[in-house]
Amino acid sequence: MKTASMWFCLIVISLLSLFPFYIMIVMGTHYSEDLFKGIPILPGNYLGENLKTVLQADFLKVYGNSLIVSVASVLLATLTSTLIGYAVAKFEFRGRKLLQTFVIITMMVPTQVGLIGYIIEMRHLGVGNTLWPVILVWAAFPFGAFFMIQFMRDSIPTDLLECARIDGCSEPGILIRIVLPIMKPGLATLATLVFLWSWNNYLLPLVTINKSEWYTLPIFISNLGIVHRTDYAARMTALTMTTIPVLILFILGSKTFMKGLTAGAVKG
């Protein structure tokens, strides 16, 4: 009886969680003005026209832009966070505690505070109004560095690294052959989070990109429509197509993602 009640509660919670996504899909099959009559429950017959509207607005190019940004952001964030985490967690050097404190302090500062300075910096570098500002921001990712510091400190035995050094393994060899294989759950978790955040990032592309050829999906969807009419149904169709990669990514990596979230929280 207890098991049946538990499964019933899980099913109800799952259905409630998926209901907004179902409504989003259904709204994408209706005519835009019909959405103001009430929340539709059953699918409509306007999906083809909405898809045509989305694809004619250069959706595939924008989709490619978002993929480039998200993949590059994942590679950059995981690389820098891993190197910082390995150095701070497993090496003794002057200023180590100060560096860790600095990482924690930067996590407390809202990103909007340094936004204007970052935009000016990117323009001086000559990469303004391109995809580079949206990517390079992940080179300094305080949460990723802090996450990797804690994960490596609790998950990688220092004695294992010392044995590798005694056997003559170089520091890059230790990192590549020993540390990274152990860090797979943490890397997968961080990569998933960075992909989601960069994929859904709206503010930074909004203030750094003015050319439609470099739009990412959030900016593209917010501008979808014509001059005198906002096509909300087409936006819902585009949102559905945008959400699909995120769902696939989370479904494929859910076990590793949860393992990575909990591995660094338990010592020993």
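**Exercise 1.** Work out how Asp34 and its salt-bridge partner are placed relative to solvent.

*Solution.* At 31% relative accessibility, Asp34 is partly exposed, since buried means under 20% relative accessible area, exposed over 50%, and partly exposed in between (1.4 Å probe, protein chains only). Next, find the partner: the side chains of Asp34 and Lys37 form a salt bridge (3.4 Å, N to O), a term that requires a side-chain nitrogen of Lys or Arg within 4 Å of a carboxyl oxygen of Asp or Glu. Finally, Lys37 is exposed, at 71%.

A word on the model: it is predicted, so local features need pLDDT of at least 70 and side-chain atom pairs pLDDT 80 or more, while totals for chains, interfaces and linings use all residues. Residues are numbered from 1 along each chain as its sequence is written, and side-chain values use heavy atoms, leaving out hydrogens and water.

**Exercise 2.** Compare the accessibility of Glu92 with that of Arg96.

*Solution.* Start with the pair: their closest N and O atoms are 3.3 Å apart, in a salt bridge. Then take each end: Glu92 is exposed at 70%, whereas Arg96 is buried at 14%.

**Exercise 3.** Trace the salt bridge of Glu162 and the network around it.

*Solution.* First, Glu162 pairs with Arg165 at 3.2 Å between the closest N and O atoms. Second, place them: both lie in helix α8 (residues 158-166), three residues apart, about one turn of the helix; helices here are DSSP runs (H or I, at least four residues), numbered from the N terminus. Third, check exposure: Glu162 is partly exposed at 37%, and Arg165 is partly exposed at 23%. Last, shared partners join Glu162, Arg165 and Glu171 into one salt-bridge network.

Notes: Helices (H or I, at least four residues) and strands (E, at least two) are DSSP runs, numbered from the N terminus.
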